[in-house]
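The following exercises ask the student to read a structure step by step. Each task is followed by a worked solution.

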Amino acid sequence: MQYRRLGRSGLQVSELSLGSWVTYGNQVDTGAAREMLAAAMDAGVNFFDNAEAYAGGQSEVVMGEALRQLGRPRLNYVVSTKFFWGLDRAKAGQPRLPNRQDTLNRKYLMQAIDGSLKRLQLDFVDLVFCHRPDPFTPIEETVWAMSDMIRQGKALYWGTSEWSADEIRAAHEVAERHHLHKPVMEQPQYHLFHRKRVEQEYARLYDDIGLGLTTWSPLASGLLTGKYRGGLPEGSRGAMENMAFLRDNLLSPEKNAAVEKLEAIARDLGGTVAQLAIAWVNSNPRVSTVILGASKLEQLQSNLGALDLAPKLTPEVLAKIDEITKPLAA
Ligand SMILES: NC(=O)c1ccc[n+]([C@@H]2O[C@H](COP(=O)([O-])OP(=O)(O)OC[C@H]3O[C@@H](n4cnc5c(N)ncnc54)[C@H](OP(=O)(O)O)[C@@H]3O)[C@@H](O)[C@H]2O)c1
């Protein structure tokens with residue numbers, strides 16, 4: 001495992017990391033989480049991604065308890081959380097709950113961090129993200145709140161997730177003007193079928209403001225494992241009722257045909273298509289860390305094998321991968 005700076009910050013994160021969306025609190029209980037965290041740490045993974053909204057707070061509870069049981073030195077790992085959606089949501093058709101959901105206002109953020117720390121059983125999180133932009137709160141108010149969270153010692157670095165380049169730059173400028181803590185990282189979706197934001201929209205930000213990336217869904221929720229080529233496998237993410245919104249993409253005939261072609265390339269290199277897809281994300285030097293997801297220990301162990309494939313992604317191989325996937329990529 002190699003370690004990369006999180007953007008221009010001094011923090012070193014493992015090139016592969018592990019997240020808990022969908023899995024912790026649903027498919028993965030505390031015992032399984034402990035096993036996977038230990039396996040990841042033993043392989044050199046030092047960053048574990050979470051969010052307040054995952055499993056309505058249960059994902060933080062599971063990760064916090066598993067970390068406590070493992071008892072590894074706190075200096076050895078980096079934990080994140082994210083805020084925006086909140087823990088409580090109004091029922092469909094009802095008005096939104098004020099200051100509790102879909103917001104980055106100061107009141108919500110300053111209270112949300114305390115709830116996350118309690119669930120995680122931590123004194124501080126290393127990284128805290130604004131999980132989406134909030135067009136109804138002035139960016140200045142959000143930047144002050146995030147910076148104050150750091151000043152209070154409750155978080156060490158802050159960043160954004162799925163903000164536009166303009167919004168990130170605006171936040172950076174507010175922080176600079178008022179000598180506040182600046183956003184250092186963004187968490188965007190980035191995989192073979194989703195590229196433009198990372199490769200084009202953010203292009204100037206890497207050198208201009210030193211933006212680091214913790215990228216999500218390297219396997220497009222499992223599409224890039226090849227398991228959806230024959231339809232929806234039982235027990236998969238795509239078969240989960242509350243994940244139905246992913247199905248069109250997971251079952252796309254064009255993308256699954258492309259995955260079949262990628263499988264042949266992966267086989268030639270001695271790996272799986274999932275390893276190839278993860279190694280491809282990792283081959284972009286702008287990516288500080290690729291956040292993996294796994295519902296089972298064997299998936300995690302297999303996916304960590306992407307590191308063995310990484311040196312085999314020569315310019316020729318990358319060109320072949322581009323030819324297959326670029327026409328289908330957003
Ligand atoms: N900031 C954001 O808005 C945002 C959004 C999404 C995710 N994230 C972060 O990014 C992390 C990773 O995202 P992700 O979970 O979507 O990653 P992913 O790698 O695209 O998908 C992971 C899922 O694919 C399936 N899978 C993985 N490896 C497999 C293998 N070898 N064989 C068969 N199936 C396999 C598993 O689902 P099943 O076994 O259930 O099919 C697994 O949970 C999340 O945990 C979260 O921390 C952030």
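**Exercise 1.** Determine where arginine 8 lies and whether arginine 8 is buried or exposed.

*Solution.* Step 1. Arginine 8 is located in the loop between strand 1 (3-5) and strand 2 (12-14). Helices (H or I, at least four residues) and strands (E, at least two) are DSSP runs, numbered from the N terminus. Residues, for their part, are numbered from 1 along each chain as its sequence is written. The model is a predicted one: local features need pLDDT of at least 70, side-chain atom pairs count only at pLDDT 80 or more, and totals for chains, interfaces and linings use all residues.

Step 2. A residue is buried if 20 or more other C-beta atoms lie within 10 Å of its own, exposed if 12 or fewer, and partly exposed in between, with C-beta atoms placed from the backbone. Arginine 8 counts as partly exposed because it has 14 C-beta neighbours inside 10 Å.

Step 3. Two residues are in contact if their C-beta atoms, placed from the backbone, lie within 7 Å. With neighbours within four places in sequence left aside, arginine 8 is in contact with Val184 and Gly210. From C-alpha to C-alpha, arginine 8 and leucine 211 are 6.7 Å apart, although 203 residues separate them in sequence.

**Exercise 2.** Compare the span of helix 1 with the expected value, and identify its buried residues.

*Solution.* Step 1. The expected span of a helix is 1.5 Å times one less than its number of residues. Helix 1 (residues 30-42) has 13 residues and reaches 18 Å from its first C-alpha to its last, close to the 18 Å expected.

Step 2. The buried residues in helix 1 are Ala33, Met36, Leu37 and Ala40. They cover an arc of only 100 degrees around the axis (the arc of the directions from the helix axis to the C-beta atoms), so they are on the same side of helix 1. An α-helix has 3.6 residues a turn, so residues three or four places apart point the same way.

Step 3. Gly31 and Asp42, on the other side of helix 1, are exposed. Strand 3 (16-19), strand 4 (47-49), helix 2 (58-70) and helix 11 are what the buried residues of helix 1 pack against. Just after helix 1 comes glycine 44, with a positive phi of about 100 degrees.

**Exercise 3.** Carry out the same analysis for helix 5.

*Solution.* Step 1. The 13 residues of helix 5 (residues 165-177) should span 18 Å at 1.5 Å a residue, and the end C-alpha atoms are 18 Å apart, which agrees.

Step 2. Ile168, Ala171, His172, Val174 and Ala175 are buried in helix 5. Seen down the axis, the buried residues fall within an arc of 160 degrees, and therefore line one face of helix 5.

Step 3. Asp166, Glu176 and Arg177 are exposed on the other side of helix 5. The cover over its buried residues includes helix 4 (139-151), strand 7 (155-160), strand 8 (183-186) and helix 7 (205-208). Histidine 179, which follows helix 5, has a positive phi near 55 degrees.

**Exercise 4.** Establish which residues of strand 9 are buried, and how strand 9 pairs.

*Solution.* Step 1. Strand 9 (residues 212-215) is covered on both faces: Gly212 and Thr214 are buried on one side, Leu213 and Thr215 on the other. In a regular strand the side chains alternate between the two faces of the sheet.

Step 2. Two strands pair if DSSP finds at least two bridges between them. Strand 8 and strand 9 run parallel and are joined by 2 bridges; glycine 212 is the bridge partner of methionine 185. Strand 9 also pairs with strand 10 in the parallel sense, over 3 bridges, and leucine 213 stands opposite valine 287 in strand 10.

**Exercise 5.** Describe alanine 220.

*Solution.* Step 1. Alanine 220 lies in the loop between strand 9 and helix 8 (247-250). Although alanine 220 is not a glycine, its phi is positive, at about 50 degrees.

Step 2. Alanine 220 is buried, because 21 other C-beta atoms lie within 10 Å.
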